[in-house]
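Visitor: I would like to understand the pockets in this model. Could you walk me through them?

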Amino acid sequence: METRDLTDELVRAGAIRQDCATFDAGSPAPAKPCPEQDRQPVEISVASPDRREKILESSAELFARKGVATTTVREIGDAAGVFSGSLYHYFKSKNAIVAELMRGFITDIQLRFDQVEKTANDPEDVLRGLIRETLVVIELHPHPTAIYQNDRAYLRDNDLLQSVDGPSRQVREHWMKAIAEGVDQGIFRKDVAPEIFYRSVRDTLWSTTHWPDRQKYTTEEFADLMITLFLSGFRVA
């Protein structure tokens with residue numbers, strides 16, 4: 001390969017900067033090699049939204065399967081079909097990819113729960129909707145769901161939960177508000193602490209991704225089953 005061809009390839013790969021890749025006539029190597037600390041990805045004028053989405057999808061699958069900590073930037077680049085150095089044009093770091101996946105995941109839950117509360121007729125109707133929409137989100141976002149459940153320690157230790165703390169609290173508030181109003185209206189039992197009921201439903205729904213018989217049901221069928229199991233025991237007799 002010609003020296004200039006090799007340099008062009010390194011520029012495209014993000015190994016050296018374009019402004020460090022100039023040649024002197026007849027020189028077998030760049031006349032101005034970049035210092036090691038100055039090497040950085042080449043800036044591209046226009047980022048492809050499709051490529052960015054592909055990076056997110058590939059990263060989510062890898063994070064869910066291998067764990068965030070053990071997934072490398074090179075693996076993400078290979079899976080997304082881009083040079084690992086070029087990833088930094090789309091995301092500042094691996095953790096920035098994780099943060100965006102978590103934001104999209106929790107935002108979808110929040111929007112769905114907001115809509116449930118707007119259209120429900122009573123507190124029991126709200127709980128039915130929250131159970132149903134939680135299962136829909138798990139089906140639509142299996143990889144972010146797995147990351148959120150399996151990599152909580154990594155997310156916490158790397159301050160990746162801060163960006164979703166607000167939406168997470170709002171999601172919790174939907175549950176607690178419906179439960180409290182149902183108790184006040186005599187729909188739900190007073191002898192079951194709202195926090196216990198909320199955590200029982202929430203933790204059970206998220207854990208269903210690991211249940212071997214889960215795939216025997218459609219999401220709609222499974223939602224009906226969960227609604228029956230939980231609300232039958234929580235209603236006032």
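Guide: Here is a short tour of two pockets and what lines them. The model is predicted, so local features need pLDDT of at least 70 and side-chain atom pairs count only at pLDDT 80 or more, while totals for chains, interfaces and linings use all residues. Residues are numbered from 1 along each chain as its sequence is written, and side-chain values use heavy atoms, with hydrogens and water left out.

Visitor: What makes a set of points a pocket?

Guide: On a 1 Å grid over the protein atoms alone, a pocket is an open set with protein on both sides within 12 Å along at least five of seven lines. The largest pocket holds about 470 Å³ of space, a volume being the space filled by probe spheres (1.4 Å probe) set on the points.

Visitor: Which residues of its lining are closest to the centre of the largest pocket?

Guide: They are Tyr148, Arg152, Tyr198, Arg202 and Trp206, out of 19 lining residues; lining means having an atom within 4 Å of a point. Helix H10 (194–207) is among the helices that supply at least two residues each, and H10 gives the largest share, six.

Visitor: Why is Trp206 counted as nonpolar and Arg202 as charged?

Guide: Because Trp is in the nonpolar class and Arg in the charged class. The lining of the largest pocket has nine nonpolar, four polar and six charged residues.

Visitor: What about the second largest pocket?

Guide: Its space is about 290 Å³. Among its 16 lining residues, Ile138, Glu139, Pro142, Thr209 and Gln215 are the closest to its centre. Its lining has five nonpolar, nine polar and two charged residues.

Notes: Helices (H or I, at least four residues) and strands (E, at least two) are DSSP runs, numbered from the N terminus.
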